[in-house]
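This report looks at how two domains meet within one chain. Please have the sequence and the structure at hand while reading.

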Amino acid sequence: MDIKRIERSRLPETDLENLKFGRVFTDHMFLMDHVDGAWQRPQIMPFGDLELSPATLVLHYAQTIFEGMKAYRNEKGEVALFRPQANIARMNRSANRMCMPELPEDVFLEGLKELVRMDGEWLPEGKDAALYIRPFMFASDEYIGVKPSDGYRFMIFMSPVRGYYQEPLRVRMELKYSRAFPGGTGEVKCGGNYAGGLYPSKMGQDAGYHQLLWTDAMEHKYIEESGTMNVFFIIDGVLTTPSLDGTILPGITRDSILALARGKGMRVEERKVTVDEVVTGIRSGKVSAAFGAGTAVTIAPIRVVGYKGEDLHLPELQADSEVLVIGKLLDDIRRGRVADTHGWVVRAS
Ligand SMILES: *Cc1c(COP(=O)(O)O)cnc(C)c1O
């Protein structure tokens, strides 16, 4: 790997106390191009702008995929990644779906670790602080015909983030627009999925909701996800989440929560979850909790579900609720406070 270090770090003049999510970037980035059918010359260089032709294929047809993951500082002060192999495997599934070349796991992981070693000092102090890591790949051909690109660029950069107080979510059941549909690209992390979700999400925000509860495209009968997170409900005491049936993004947080809940002997179900059972269940008290799950926030409790103009209120999560116990366990594993029996934590140094 070629490494070119920055001459003077931007860290001293960066205010790590007051970070806006996703707006501050560390000193270095990883870059590798796919040329002539092979990944060439992995390198780390100072974070900076790219020069691209206006005809660059990705700018027109969105042949691009990404990942989102975090590095955490553990109790011993070491910086560690959480389940990076799962992100790499998912990125390669996304690559396949978008006709893009797979990434070699060893080069990807080594690039990640080296970046974290080089810019680890950017990880802020504090309870929920982390380095948010953004690997992504895009079609780099200068060509505006619609076809898979020949050339690709793969990059990784990092952004220091702090936990922020997040108020319990108000979500609206979306019964018109869809995020994903059978046979589409909903189960992979490709850029276009998110662009298409902006408009309905904005409609929801204008009506006073943080995000949407996406339902299936065919009948709007089944709940799929919450915003850009997976969604869980506690229904009759059973931790319930929609099964992965092709339109749901297989979240690593989702998978980790399920594994921990099963390990604790909780009753867990992955199955189709209907709009109806959630609406009537909140009214009757059968649904006792709902939350979103994803890397950015881990667990985001839902307090209000908007349904056809009515706000249905969920009870506040109690500190001893199973949901919060699992969220804390996940955080304790990431930060090395409890034994990592699943082998999820990968030290960078
Ligand atoms: C990334 C993502 C998630 C959550 O995945 P994690 O691996 O847990 O961060 C859920 N839904 C969508 C649509 C996503 O893009």
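## Terms and basis

A polar contact is a pair of N or O atoms within 3.5 Å, where within protein one must be able to donate a hydrogen and the other to accept it, and where residues adjacent in sequence count only if both atoms are side-chain atoms. The model is predicted, so local features need pLDDT of at least 70 and side-chain atom pairs count only at pLDDT 80 or more, whereas totals for chains, interfaces and linings use all residues. Residues are numbered from 1 along each chain as its sequence is written, and side-chain values use heavy atoms, with hydrogens and water left out.

## Domains and buried area

By an automatic or database assignment, the chain is divided into domain 1 (2-161) and domain 2 (169-334). Their centres, taken over C-alpha atoms, are 27 Å apart, and the contact (heavy atoms within 4.5 Å) takes 18 residues from domain 1 and 18 residues from domain 2.

The two domains bury about 1700 Å² between them, 61% of it on carbon and sulfur atoms; buried area is the accessible area (1.4 Å probe) that two parts lose on being put together, summed over both. In domain 1, Phe66, Phe82 and Arg90 lose the most area to domain 2, together 33% of what that side buries.

## Polar and charged pairs

Across the interface of domain 1 and domain 2, 11 residue pairs are in polar contact, with both residues at pLDDT 80 or more. The count of salt bridges (a side-chain nitrogen of Lys or Arg within 4 Å of a carboxyl oxygen of Asp or Glu) between the domains is one.
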